[in-house]
Amino acid sequence: MTLAQLQVFVAAAKAGSFTRAAEEIGFTQSAVSQMIHALEKELGVSLFHRSRSGITPTSIGERMLQHARDILNITSCMTQEANMARGLASGTLRIGSIPSVASRFLPGLLGSFRKRFPAVEILLLEGENDEINSWLTNSVVDIGFTVHADKDLQTIPLLQDEMMVILPDTHPLKDHATLSFSQIANYCFIMPKDGCIKNMLHKNSISPSITFEVRDVTTILTMVQEYVGVTVMPELYIPQIIPKVISIPLHPTITREVVLAARDWQAVSPITAEFVVHSQKYVKELEPIHIAKQGQNQ
């Protein structure tokens with residue numbers, strides 16, 4: 001068994017095709033097939049189901065895939081540590097993130113991190129909380145931004161994300177410093193299609209009468225702008241440039257905690273560890289993320 005075979009194995013599983021895997025890693029299709037066949041022969045098991053539509057890992061293949069990723073991660077850590085000792089910071093950092101963090105918070109963070117470590121390749125996968133947990137557990141990503149980490153994962157608190165009421169900027173309630181849900185209960189309510197938001201509201205005894213349920217944040221904000229209804233969403237959901245709407249903190253305050261998660265902080269690569277420290281410093285230096293009230297967000 002060689003590292004090249006394991007790299008091909010992981011690439012093939014990701015691509016779902018020997019041909020696509022060969023194109024992505026610069027091998028011939030024949031070489032990829034031969035390396036997988038040799039690995040299967042050495043292990044004595046079939047790693048993939050083959051069909052005309054492509055390949056999918058067998059049940060034992062799934063387990064072998066996690067081991068392969070772990071081995072490749074360890075070798076990557078060794079290379080990174082050796083490079084760091086020589087004053088060279090390089091390698092690959094694989095990040096999983098929930099959409100609200102990926103769109104609002106990560107661009108600035110990744111930009112500042114890349115300035116410090118320009119030789120580090122950053123791969124970003126965006127998914128829901130369950131996907132982030134699965135990617136971390138199966139070593140698909142090195143680190144994840146989430147609000148609901150599995151109990152088997154290790155986490156570091158990063159920031160508090162406050163729930164905000166979103167209104168048109170000419171709404172009669174626009175000048176309130178805070179708003180209780182009872183003050184907007186009689187308006188048509190647009191529910192973001194996110195189970196986490198529903199759970200947060202229900203845990204705080206808020207059961208809105210939902211008129212619309214919409215996935216896209218931009219669509220929701222445009223509907224609010226046009227007086228279709230009002231909504232409540234976490235602050236990180238709100239783009240920095242938004243339509244003619246305002247955000248007002250919900251009272252009593254409801255927050256969710258965004259955390260950094262990993263399988264084991266003691267086993268992360270040097271680059272991942274640097275990213276954790278950089279993320280914590282970046283958050284401390286941030287100005288409050290509350291969206292400015294009317295006149296400052298247009």
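This report walks through the cores, pockets, unusual backbone spots and a few buried polar residues of one structure. Keep in mind that the model is predicted.

**The nonpolar cores**

Let's start inside. The largest nonpolar core has 36 residues, and F105, F145 and F275 are the ones that touch the most other members. Helix 10, running over residues 270–285, supplies the largest share of this core, with 5 residues. In general, nonpolar side chains in soluble globular proteins tend to be buried together.

Take F275 as a way into this core. Setting aside its neighbours within four places in sequence, F275 is in contact with L93, I95, L109, L110, F113, I143 and F145. A second core of 33 residues is separate from that one, and V165, L201, V217 and L221 are included in it.

**The pockets**

Next, the open spaces. The table puts the two largest pockets side by side.

| Pocket | Volume | Lining residues | Lining by class |
|---|---|---|---|
| Largest pocket | about 1,300 Å³ | 43 residues | 21 nonpolar, 11 polar, 11 charged |
| Second largest pocket | about 360 Å³ | 17 residues | 6 nonpolar, 4 polar, 7 charged |

If you want to find the largest pocket on screen, go to R69, N73, R94, S139 and V140, the lining residues closest to its centre. Helix 1 (3–15), helix 2 (18–25), helix 4 (59–85), strand 3 (91–97) and strand 4 (120–126) are the elements that give two or more residues to its lining. Which of them gives the largest share of the lining? That is helix 4, with 13 residues.

For the second largest pocket, look for P99, E128, K193, D194 and Y237, which lie nearest its centre. Here the elements that give two or more residues to the lining are helix 5 (99–104), helix 7 (129–137) and helix 8. Helix 5 gives the most, with 3 residues.

**Buried polar residues**

Now for some polar side chains that sit inside. R256 lies in strand 11, and this arginine counts as buried because its relative accessible area is 6%, where the cut-off for buried is under 20%. What does the side chain of R256 pair with? A polar contact of 2.7 Å joins it to the side chain of S100.

S100 is in helix 5, and at 4% relative accessibility S100 is buried as well. Leaving out neighbours within four places in sequence, S100 is in contact with F105, L236, Y237 and R256. Two of those names have come up already: F105 is one of the three residues that touch the most other members of the largest core, and Y237 is among the residues nearest the centre of the second largest pocket.

R256 has a longer contact list of its own. Again leaving aside neighbours within four places, R256 is in contact with I98, S100, V147, L159, Q160, D161, M200, P234, L236 and Y237. As for E274, its C-alpha atom is 25 Å from that of R256, although the two residues are 18 apart along the chain.

N129 is another buried polar residue, at 7% relative accessibility, and its place is in helix 7. A polar atom of the N129 side chain lies 3.1 Å from the backbone nitrogen of V147. Not counting residues up to four places away in sequence, N129 touches I98, T146, V147, H148 and C196. I98 and V147 turn up in the contact list of R256 too.

**Unusual backbone spots**

Finally, a few places to check in the backbone. As background, most residues other than glycine have a negative phi, and most peptide bonds are trans.

Where is the cis bond to P252? The peptide bond from H251 to P252 is the cis one, with omega near 0°. P252 lies in the loop between strand 10 (245–249) and strand 11 (255–262).

S205 is not a glycine, yet its phi is positive, at about 60°. S205 is found in the loop between helix 8 (195–203) and strand 8 (210–214). Is S205 buried or exposed? It counts as exposed, because its relative accessibility is 70%, and the cut-off for exposed is over 50%.

Y227 also has a positive phi without being a glycine, in this case about 65°. Its loop runs between helix 9 (217–225) and strand 9 (231–234). With a relative accessible area of 45%, Y227 is partly exposed.

Key:
Residues numbered from 1 in each chain as written. Predicted model: local features only at pLDDT ≥ 70, side-chain atom pairs only at ≥ 80, totals over all residues. Heavy atoms only, no water. Core = buried A, V, L, I, M, F, W, Y, C linked by side-chain atoms within 4.5 Å. Buried < 20%, exposed > 50% of the residue type's maximum accessible area, 1.4 Å probe, protein only. Helix = DSSP H or I, 4+ residues; strand = E, 2+ residues; numbered from the N terminus. Contact = heavy atoms within 4.5 Å. 1 Å grid on protein atoms, 1.4 Å probe; cavity = no way out; pocket = protein on both sides within 12 Å on 5 of 7 lines; lining within 4 Å. Points joined across faces, edges and corners; volume = space filled by probe spheres on them. Nonpolar A, V, L, I, M, F, W, Y, C, P; charged D, E, K, R; others polar. Polar contact = N/O pair within 3.5 Å; in protein donor to acceptor, adjacent residues only side chain to side chain.
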